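Below are my notes on the model, in numbered points. They begin with one helix and then widen to the whole chain.

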Amino acid sequence: GLLALVIVLHHLTIHIEPDGLGMFFKPFANIGFLAVAVFFFLSGYGLQKQYLKNENYKNDFLLKRLPTVLLPYIIINVVWLIATKCTLLDIFRGLFNGSPVVAHSWYVLSILVFYVFFWLLMMVCKKRYCLMVVGGVIYYAVYTFVCYKANFGAWWFNTPFLLVVGMFWAIYEEKILRFLKKHYYLSVFTVFAIFLIIFIFLTKASGFEFPIKSIVSALFFVMFLLLALLKFKVGNPILEYIGEISFELYLCHEIFLTLFKTVFVI
């Protein structure tokens, strides 16, 4: 829930003037990708964990997983069709040119493609979980190459690597946690220091150097968050509710920011 709010505030900075009250939103301008990285990690982790618990998870995987993402996405596309007066052709083109009509919905398209590939990994690799991770790395490399060659924005490929990290974490979780707990404070300090250094230098990165540093920065941020949550619990009923509707919030929030953007220009 907290991360969903961070993403909303990050996108709000696009519509708000940097001066005046807008200065209070400046800290959110460059951290949206970190929140998205966590969502990708949780997706990869959750899918892999379910498969570890139940090998039959793959049998009706696509029938269960695709509609939960695809149907809300179709609905919000219809809403955008009505609200912004775009055309069906615009929506179709947006699915392939890196600029979907529904703002920021690249995440949805990316996760749908991964669902299909994860199903293929389950079908081909069976119980060879290590091979699934290798397949995930190959998938990410191909996915990144295609996005880069198609001139998609760096946000298309600077965080989905965490899907594979989530898979890896789910498979080797006990061993990883055993090591981290044994060397907890050293691990926390090292991971946070690396994240902070890379994140600071991220502002000076350009060209292909930027997505590379973004990927590494996102990786170490997620690792730091996982370590922190071993000791601290964050949440309340409001954030828990927002967490339950985070996907719907992600899909819908930009249409309100777009339709009422004059309210936010301060």
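1. In this predicted model, the side of helix α8 that faces away from its buried residues carries E174, K175, R178 and K182, which are exposed. The helix spans residues 173-182, and its buried residues are E173, I176, L177 and L180. Viewed down the axis of α8, these buried residues fall within an arc of 95 degrees, so they line one face of the helix.

2. What covers that buried face? The cover for the buried residues of α8 includes α2 (32-53), α7 (161-171), α9 (184-202) and α10 (209-228).

3. The protein has 13 helices and 0 strands. Its radius of gyration is 19 Å, close to the 18 Å that the globule rule gives for 266 residues, so the protein is as compact as a globular protein of that length. Along the principal axes, the C-alpha atoms fill a box of roughly 50 × 40 × 40 Å.

4. Of the 266 residues, 44% are buried. For contacts between residues at least 6 apart in sequence, 75% join residues at least 24 apart.

5. The accessible surface amounts to about 14900 Å², and carbon and sulfur atoms account for 72% of this. As for charge, there are 21 positive and 12 negative side chains, with the centres of the two sets 10 Å apart.

6. T13 sits in helix α1, which covers residues 2-15. Is T13 buried or exposed? Its relative accessibility is 18%, and since buried means under 20%, T13 counts as buried. Leaving aside residues up to four places away in sequence, T13 touches F25, F28 and A29.

7. C125 belongs to helix α5, residues 106-125. With a relative accessible area of 4%, C125 is buried. Its contacts, again not counting residues up to four places away in sequence, are with L131 and M132.

8. How far apart are C125 and F224 in space? The C-alpha to C-alpha distance between C125 and F224 is 31 Å, and the two residues are 99 apart in sequence.

9. To sum up the two single residues: T13 in α1 and C125 in α5 are both buried, T13 at 18% and C125 at 4%. For α8, the points to check by eye are the buried residues E173, I176, L177 and L180 and, on the face turned away from them, the exposed residues E174, K175, R178 and K182.

Definitions and conventions
Residues numbered from 1 in each chain as written. Predicted model: local features only at pLDDT ≥ 70, side-chain atom pairs only at ≥ 80, totals over all residues. Heavy atoms only, no water. Helix = DSSP H or I, 4+ residues; strand = E, 2+ residues; numbered from the N terminus. Buried < 20%, exposed > 50% of the residue type's maximum accessible area, 1.4 Å probe, protein only. Contact = heavy atoms within 4.5 Å. Rg over C-alpha atoms; globule rule 2.2 N^0.38 Å. Areas by Shrake-Rupley, 256 points an atom, 1.4 Å probe, with all protein chains shown as cover. Lys, Arg positive; Asp, Glu negative; His and termini not counted. Charge placed at Lys NZ, Arg CZ, Asp CG, Glu CD. Arc of directions from axis to C-beta.
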